[in-house]
Amino acid sequence: MLRRVAPPQRENGRSADWLEVEHALGTRLPTDYRELIDDRGPGIVADVVVYGPDNGGPLDLVAWNDGIHRLIESIRDICRDAYPPAFHPEPAGVLPWGSVNGGQIVGWAVTSEDPDEWPVVVLSAELDALTVHEVTTTGYLLARLPGPNVRTLITG
């Protein structure tokens, strides 16, 4: 299947400082995600806002994850239970990398030491339902693009 896509958006051709980002997040990140960000930078793909290294800008992955962690801590302080689900670095936690219009969080389920094996997950805006997609980051984004021959996402 061939589909026309825009040329790379990174003007300087430099890749992100992944060592710094991965150190801040406490884990390596999937190869296809790093390659996507190196090629395109953070931005919007289909209806998904994709966060990445943005030097403190509005699409900065580390800053956005820090904000989510503060929100989760506040919710847990109020609710006093295991709601919402685990977030990385908790075991098998969700590591967010994007959001969908409507408030859903898109991320990976950190289920193994190899980030290239992590499935994509979508957490509802209410943080009470999780859908697993056994695809890569780029596979998930490609499936969300409009047009002919768009693959159906496989849910598990």
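**Fold, core and local contacts of the predicted model**

In the protein chain, residues 24 or more positions apart account for 44% of the contacts with a separation of 6 or more. The model is predicted. Four helices and six strands are assigned to the protein chain, and from the N terminus on these elements follow the order α-α-β-β-α-β-β-β-β-α. Of the 156 residues in the protein chain, 39% are buried. The exposed area of the protein chain is about 9,000 Å², of which 53% is supplied by carbon and sulfur atoms.

The six strands form an open sheet with the order β1-β2-β3-β4-β5-β6, and the pairing is antiparallel. The edge positions are taken by β1 (43-45) and β6, each of which pairs on one side only. On average, neighbouring strands of this sheet are turned by 35° against each other, direction ignored. In general, the strands of a sheet pair through backbone hydrogen bonds, either parallel or antiparallel.

At the β1 edge, three bridges join β1 and β2 in the antiparallel sense. Gly 43 has Val 50 in β2 as its bridge partner. Pro 42 is placed in the loop between α2 and β1. With a relative accessible area of 19%, Pro 42 counts as buried, because the cut-off for this class is under 20%. The C-alpha atoms of Pro 42 and Leu 59 are 6.3 Å apart in space, while the two residues are 17 residues apart in sequence.

Strand β5 pairs with both β4 and β6. Its pairing with β4 is antiparallel and comprises four bridges, and Trp 108 has Val 120 in β5 as its bridge partner. Four bridges also join β5 to β6 (residues 130-133), again with the strands running antiparallel. In this second pairing, Val 120 stands opposite His 133 in β6, and the bridge partner of Val 122 in β6 is Thr 131. The strands β5 and β6 form a hairpin with six residues between them. Leu 127, in the turn of this hairpin, has a positive phi of about 65°. The side chains of β5 point in two directions: Val 120 and Val 122 point one way, Val 121 and Leu 123 the other way, and all are buried.

The largest nonpolar core has 36 residues, and those with the most contacts inside it are Leu 29, Tyr 33, Trp 97 and Tyr 140. Two or more residues of this core are given by each of the helices α1 (18-25), α2 (31-40), α3 (61-79) and α4 (137-144), and by each of the strands β2 (48-50), β3 (94-100), β4 (104-109) and β5 (120-123). Helix α3 provides the largest share of the core, with six residues. In soluble globular proteins, nonpolar side chains tend to be buried together.

Glu 22 is a residue of helix α1. Its relative accessible area is 13%, and Glu 22 is therefore buried, the limit being under 20%. The side chain of Glu 22 reaches the backbone nitrogen of Leu 29 at 2.9 Å, and Leu 29 is one of the residues with the most contacts inside the largest nonpolar core. When neighbours within four places in sequence are left aside, Glu 22 is in contact with Thr 27, Arg 28, Leu 29 and Arg 34.

Thr 136 lies in the loop between β6 and α4. At 37% relative accessibility, Thr 136 is classed as partly exposed, because the value falls between the 20% and 50% limits. Residues up to four places away in sequence not being counted, Thr 136 touches Asp 32 and Val 120; Val 120 is among the buried residues of β5. The C-alpha atoms of Thr 136 and Thr 31 are separated by 9.4 Å, although these residues are 105 residues apart along the chain. Thr 136 also has polar neighbours in sequence. Its side chain is joined to that of Thr 138 by a polar contact of 3.4 Å. In addition, a polar atom of the side chain of Thr 136 lies 3.0 Å from the backbone nitrogen of Gly 139.

How values were computed
Residues numbered from 1 in each chain as written. Predicted model: local features only at pLDDT ≥ 70, side-chain atom pairs only at ≥ 80, totals over all residues. Heavy atoms only, no water. Buried < 20%, exposed > 50% of the residue type's maximum accessible area, 1.4 Å probe, protein only. Contact = heavy atoms within 4.5 Å. Areas by Shrake-Rupley, 256 points an atom, 1.4 Å probe, with all protein chains shown as cover. Core = buried A, V, L, I, M, F, W, Y, C linked by side-chain atoms within 4.5 Å. Polar contact = N/O pair within 3.5 Å; in protein donor to acceptor, adjacent residues only side chain to side chain. Pairing = 2+ DSSP bridges. Axes fitted to C-alpha atoms, helices over the stretch in contact; angles between N-to-C directions.
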